[in-house]
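Student: I would like a close look at one part of this protein, the metal site. Please walk me through it and then place it in the rest of the chain.

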Amino acid sequence: MHKVDTDAALSRLMRFLAVEGVTGKEARIGKELAAAFREVGVPAKAIRFDEAHKRIPLPTESGNLIVDLPGKGALKSADRLLFMTHMDTVPLCAGAQPKKQGRKIVNAAKTALGGDNRTGCAVLVSLAAELIASKADHPPLTMLITVREESGLWGARHVNLDELGGVKMGFNFDGRKATGIVIGAVGADRWEVEIFGRASHAGTAPERGISATMILAEALASARADGWFGKVLKGDKAGTSNIGPVGGTGGRTAGDATNVVTDYVHAAGESRSHDLKFFREITAAYKEAFTAAAAKVANSEGKTGKVKFTSRTDYFPFLLKENAPVVKQAVAAIKAMGLAPEIRTANGGLDANWLTRHGVPTVTFGAGQHEAHTIDEWIDLDEFDTACQLAFQLATAT
Ligand SMILES: [Zn+2]
């Protein structure tokens, strides 16, 4: 078996970790990645950025990076494969100072490191380098490095399938274990509620007020009592929910003073499940709880508060069959390396949710990330090396 050059892969990883590129601000890392692809021999005309950033409803510096590699040898005309990862990091990574320590990469700064997902970027550029330098036969490949994954899977959501050259299946690198094959992931709703009460002097006429904060409290207490908060289990259905930011208008606090009955609260939350119907059921339960609480909190004139509840599906759940061609190829590649594949599902959304929804069944492997999104983040270089070797195996298996 051809052994990939792990020293070269490591130096690429160190190089990409050193370039800041938090979610939405990917212009610099995108350029660095494009330059790295050119340096390993990919012709400039095979490297481009799409216009996904113009379709993403949040300010985004750059489109997704797309690279085409022609097939070689006996597999020259085989079905085109997609290799993908994301280039952005969480905002906590700004200012990271990666340093190698034995078989780990750690961080000299008190920030997250960015192994999520510069490990994936280094795996893909190294795959291009290895395929160009080796004589191994391989099918035509498209590489996709998305933007704004961390802030809502936006780059993958807005990629145009036409730009991917008719790929039949996808291999995504984003996570910890290279031999863990993620074949499914949850879907999620994000929801928001505006609660309108009535202001009144809290000392002289509290009975005339309608407290929006109290409506919020009643609603959350009843959602929790009915089993809809946190880990949600109903019969054989499972999901999760959370209440996130709570505030007033324009990012201010909910309520301005202790002596005024609070007349407005804004809150946002989420619902997740592997079952599309079930996370919508969880969202509906919150809507019901807020509506019921508003009807219950009345003032001395019998008036009640009002709520305006809105929700949208952030991404859709998916689950590939274990006998799907993409899963079988993933299993075979790991076994061919003498390792044990572990098929699993994820409780967070992945770019693979969107690629699968676009019609490209996609599995996800790890590449050595640990404690991602925290200041304790580090990278396991043995796992990273395995991911680099696995990518080559996936691309060259006949
Ligand atoms: Zn990631």
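Tutor: Here is the metal site, followed by its surroundings. Keep in mind that this is a predicted model.

Start with the ligands. The zinc ion takes its protein donors from H86, D116 and D174. H86 gives NE2, D116 gives an OD atom, and D174 appears twice, each time through OD. These atoms lie 2.0 to 2.6 Å from the zinc ion.

Now the geometry. The four donor atoms subtend angles of 52 to 146° around the zinc ion, so the arrangement is irregular. A tetrahedral label would need all angles between 85 and 135 degrees. For reference, four ideal tetrahedral donors sit at 109.5 degrees.

Next, the sequence. The donors follow the spacing H-x29-D-x57-D along the chain. H86 belongs to strand β3, residues 81–86, while D174 sits in the loop between β7 (169–173) and β8 (180–185); the pair therefore ties together parts 88 residues apart in sequence.

How exposed are these donors? H86 is buried, with a relative accessible area of 1%. D174 is buried as well, at 11% relative accessibility. The cut-off for buried is under 20%.

Take the helix α4 next. It covers residues 115–133, and D116 is one of the zinc donors. Helix α4 has 19 residues and reaches 26 Å from its first C-alpha to its last, close to the 27 Å expected. Most of α4 is covered, with 17 of its 19 residues buried.

Another acidic residue deserves a look. D385 is found in helix α10, residues 381–396. D385 counts as buried, at 18% relative accessibility. Its side chain makes a polar contact with the side chain of R103, at 2.8 Å. Beyond its neighbours within four places in sequence, D385 is in contact with T6 and R103.

Now step back to the whole chain. The domain assignment gives domain 1 as 6–185 + 317–396, and domain 2 as 187–315. The C-alpha centres of the two domains lie 38 Å apart. Where they meet, 12 residues of domain 1 are in contact with 11 residues of domain 2.

The chain has 10 helices and 18 strands. Its C-alpha trace spans about 85 × 45 × 40 Å along the principal axes. Of the 398 residues, 54% are buried. Among contacts with a separation of 6 or more, 79% join residues 24 or more positions apart. The zinc pair H86 and D174 is one example of parts far along the sequence being tied together, at 88 residues apart.

Notes. Residues numbered from 1 in each chain as written. Predicted model: local features only at pLDDT ≥ 70, side-chain atom pairs only at ≥ 80, totals over all residues. Heavy atoms only, no water. Donors = N, O, S within 2.8 Å, 3.2 Å for Na, K, Ca; no water. Tetrahedral: all angles 85-135°; square planar, octahedral: opposite > 155°, others 65-115°. Helix = DSSP H or I, 4+ residues; strand = E, 2+ residues; numbered from the N terminus. Buried < 20%, exposed > 50% of the residue type's maximum accessible area, 1.4 Å probe, protein only. Polar contact = N/O pair within 3.5 Å; in protein donor to acceptor, adjacent residues only side chain to side chain. Contact = heavy atoms within 4.5 Å. Expected span 1.5 Å × (residues − 1). Domains from an automatic or database assignment.
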